[in-house]
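Reader: I am new to this structure and would love a close look at one part of it. Could you walk me through the sheet and what packs against it?

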Amino acid sequence: MKFIDSDTNFPISSAVIHSGKTFEAVVTGIPDGASKPVPGGAAAEMREAFRQLDILLKEAGVDRNAICTARLYLHNVIHDVPEVNVVWKEYFGNHPVVRRCYGVVLQSGMRVEAAFTAEIP
């Protein structure tokens, strides 16, 4: 098992590779070293989460095309899904990742938290 910790303020790893083939990561709209999410709502937070995800994927030796599943946790699903979908389409393009979306209460004023699973070749 390999933990990938990308300078986080939280007492957790940002990502892990387990069984040598599976990468799992959790990212938020809170930049490293900050205590609050980026301003601009769910779309801005999703962009920040994707920025962090790209860093973690690079550390694991893969890119966004290795992502196979995602779980989105949104503060207000009905309100936030449309703007998150715009950013999602920009990021993934024609790579149809399986995604589940849940409405939850998030900490630190966040609107978005996302978990991703990727295959390591």
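**A close look at the sheet**

Author: Let us start with one pair of residues: Ile17 stands opposite Phe23 in β3. Please keep in mind that this is a predicted model. The two strands around that pair, β2 and β3, run antiparallel and are joined by four bridges. Three residues sit between the strands of this hairpin, and Ser19 there takes a positive phi near 60 degrees.

Ile17 also has a partner in another strand: Lys2 is paired with Ile17 by a bridge. Here β1 and β2 are antiparallel too, with three bridges between them.

Now step back to the whole sheet. Six strands make up an open sheet with mixed pairing, and their order is β1-β2-β3-β6-β4-β5. At the edges are β1 (2-4) and β5, each of which pairs on one side only. From one strand to the next, the twist averages 15 degrees.

Towards the β5 edge, the pairing has another sense: β4 and β5 run parallel and are joined by six bridges. In this part of the sheet, Arg71 stands opposite Arg100 in β5. As a general point, side chains in a regular strand alternate between the two faces of the sheet.

What packs on the sheet? Helix α1 does, touching β1, β2 (15-18), β3 (22-28), β4 and β6. The direction of α1 makes about 145 degrees with that of β3.

The nonpolar side chains come next. The largest nonpolar core has 32 residues, and those that touch the most other members are Phe23, Met46, Phe50, Leu53 and Phe116. So Phe23, the residue opposite Ile17, turns up again in this core, where buried residues are joined through side-chain atoms within 4.5 Å. Two or more residues of the core come from each of β2, β3, α1, β4, α2 and β6. The largest share is that of α1, with nine residues. For a single example, take Phe50: leaving aside residues up to four places away in sequence, Phe50 touches Val87, Trp88, Tyr91, Phe92 and Phe116.

Charged side chains add a second kind of link. Side chains of opposite charge can pair when their charged atoms come close. The structure holds four salt bridges, and three of them are worth a visit here.

One lies within the helix that packs on the sheet: Arg51 and Glu48 meet through their side chains at 2.7 Å, N to O. Both belong to helix α1 (residues 41-60) and are three residues apart, about one turn of the helix. Arg51 is partly exposed, at 38% relative accessible area, whereas Glu48 is buried, at 9%.

Another salt bridge joins the side chains of Arg64 and Asp54, at 3.1 Å from N to O. Arg64 lies in the loop between α1 and β4 (67-74) and Asp54 lies in helix α1, so this pair ties together parts that are 10 residues apart in sequence. Arg64 is partly exposed, with a relative accessible area of 29%, and Asp54 is partly exposed with a value of 29%.

A further salt bridge links Arg111 with Asp80, whose closest N and O atoms are 3.0 Å apart. Arg111 is in the loop between β5 (98-103) and β6 (112-119), while Asp80 is in helix α2 (residues 77-92), so the pair ties together parts 31 residues apart in sequence. Asp80 counts as buried because its relative accessibility is 0%, and buried means under 20%.

Key: Residues numbered from 1 in each chain as written. Predicted model: local features only at pLDDT ≥ 70, side-chain atom pairs only at ≥ 80, totals over all residues. Heavy atoms only, no water. Buried < 20%, exposed > 50% of the residue type's maximum accessible area, 1.4 Å probe, protein only. Pairing = 2+ DSSP bridges. Axes fitted to C-alpha atoms, helices over the stretch in contact; angles between N-to-C directions. Contact = heavy atoms within 4.5 Å.
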